[in-house]
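Q: Could you take me through a close look at one part of this model, and then show me how other spots can be read in a similar way? I am new to this, so please go step by step.

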Amino acid sequence: MRKIGVWALLGVGTFLLVAALVARLWGFPSAQRTPLDTNSTTLLSGEASGVVVQVGDGEPQPVVAVNRTLADADRSTDDAIVFGAYTCVAVDQDLAGPDDYCLPGDDERIVTISSPPEGVEGAPDVFATDRRTGQALENGDLVPAGYEQKVGLVNKWPFQAEKKSYDVWDDVLGDTVEAEYVGTEDVEGHQTYKYEYTVTDAETEIAADTPGTYSQHKVYWVDPATGAIMKQTQDEQRVTESGDVALDMQIGYTDETVKDNVDTAVSNDRTLALIGTWIPLVGGILGVVLLLVGVLLLVGGGGRRRSDSV
């Protein structure tokens, strides 16, 4: 009976040690991948004025926006995830809710709205990123023909984000800008890494076939463990070549969106900590202890049997 107990200790110890190694070496890397069932809606609010704001006689108007991002699991792979996305901004005038933000293009409340490339069906914007690093991937066979090739970070930071600058995609420029790490900051009681970038009077197309200058100051608050954006603000201006202000907009995530983002990040961070730290640590320590105890009992028992036989 004693021998059975010793072998049980050795078995449990081995199991815990293997479980710790599997969690750290396989489970943790596997958990650090963007889920293929991602389906997120981000709400923003603020104010805007300019030529594209068709109501309000030129005065700044309250605006709301929705960014929707949906993963295409069929096109995605173990390492790459394909997203369909669209964005629209509308003057907050008799809008029923998020489903009413992206309105028909002839509605005067529309400020900006994304539209599909000519001849391509599906989401207005499609792109592929690395599931671990968040970096844009070559469109190749992942993304249907006709969509813009993106580079840099598009919609999130990498897992285990670092305190350094990252190249981030800017849709208006059609190129990356450097988002500089500027410090840590609590958002809803959750520690985030803060990044920001500034574009000043860049000459570009501010809308389709409309050259002008573009300025942007964008700030991101990022959950370092998952790379998810908790909060975002932007201060944007687009000016035509003739000097008309096409758009002057200040907008940011709503309080509700920020809270939801933080709640999700806290839950995901706990899961990552469990798989990457606590299971390997506790399982490893207990496994080693039980193995040592089992070996000592096994050796000690053998020694006593030899003494008894003399």
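A: Let's begin with Val-289, which is found in helix α2, a helix that covers residues 255-309. Before going further, please keep in mind that this is a predicted model. How covered is Val-289? Its relative accessible area is 40%, so it counts as partly exposed. Val-289 also has company: together with Leu-281, Ile-285, Val-293 and Leu-297, it makes a nonpolar surface patch of about 370 Å². A residue needs over 30% relative accessible area to be part of such a patch, and Val-289 passes because its value is 40%.

Helix α2 has a charged story to tell as well. Asp-263 and Lys-259 both lie in this helix, four residues apart, which is about one turn of the helix. These two form a salt bridge, and their closest N and O atoms are 3.0 Å apart. Why can such pairs form? Side chains of opposite charge can pair when their charged atoms come close. Asp-263 is partly exposed, with a relative accessible area of 41%, and Lys-259 is also partly exposed, at 43%.

Now let's compare that with other salt bridges, since the count for the model comes to five. One of them joins Asp-79 to Arg-132, with the closest N and O atoms 3.2 Å apart. This pair links distant parts of the chain: Asp-79 sits in the loop between β2 (61-71) and β3, while Arg-132 sits in the loop between β5 and β6, 53 residues apart. Asp-79 counts as partly exposed because its relative accessibility is 43%, and Arg-132 is partly exposed too, at 33%.

Another salt bridge connects Glu-236 and Arg-238, where the closest N and O atoms are 2.6 Å apart. Are these two buried or exposed? Glu-236 has a relative accessible area of 3%, so it is buried. Arg-238 counts as buried because its relative accessibility is 17%, and the cut-off for that word is under 20%.

Charges can also gather with others of their own sign. Asp-167, Asp-175, Glu-178 and Glu-180 form a negative surface patch. Strand β7, residues 175-187, gives the most to that patch, with three residues. Glu-180 is found in this strand, and it is partly exposed, with a relative accessible area of 44%.

For a contrast, look at β5, which is mostly covered: five of its six residues are buried. Strand β3 (residues 80-91) and β5 pair in the antiparallel sense over six bridges. Within that pairing, Phe-83 stands opposite Phe-127 in β5.

Finally, two loop residues deserve a glance at their backbone. Most residues other than glycine have a negative phi. Gln-160, however, is not a glycine and has a positive phi of about 55°. Gln-160 lies in the loop between β5 (125-130) and β6 (166-170), where it is partly exposed, with a relative accessible area of 40%. Asp-209 also has a positive phi, near 55°, without being a glycine. It lies in the loop between β8 (190-207) and β9 (210-222). Asp-209 counts as exposed because its relative accessible area is 70%, and the word applies to values over 50%.

How values were computed:
Residues numbered from 1 in each chain as written. Predicted model: local features only at pLDDT ≥ 70, side-chain atom pairs only at ≥ 80, totals over all residues. Heavy atoms only, no water. Patch = residues over 30% accessible without salt bridge, like charges linked within 9 Å, V, L, I, M, F, W, Y side chains within 5 Å. Areas by Shrake-Rupley, 256 points an atom, 1.4 Å probe, with all protein chains shown as cover. Salt bridge = Lys/Arg side-chain N within 4 Å of Asp/Glu carboxyl O. Buried < 20%, exposed > 50% of the residue type's maximum accessible area, 1.4 Å probe, protein only. Pairing = 2+ DSSP bridges. Lys, Arg positive; Asp, Glu negative; His and termini not counted. Charge placed at Lys NZ, Arg CZ, Asp CG, Glu CD.
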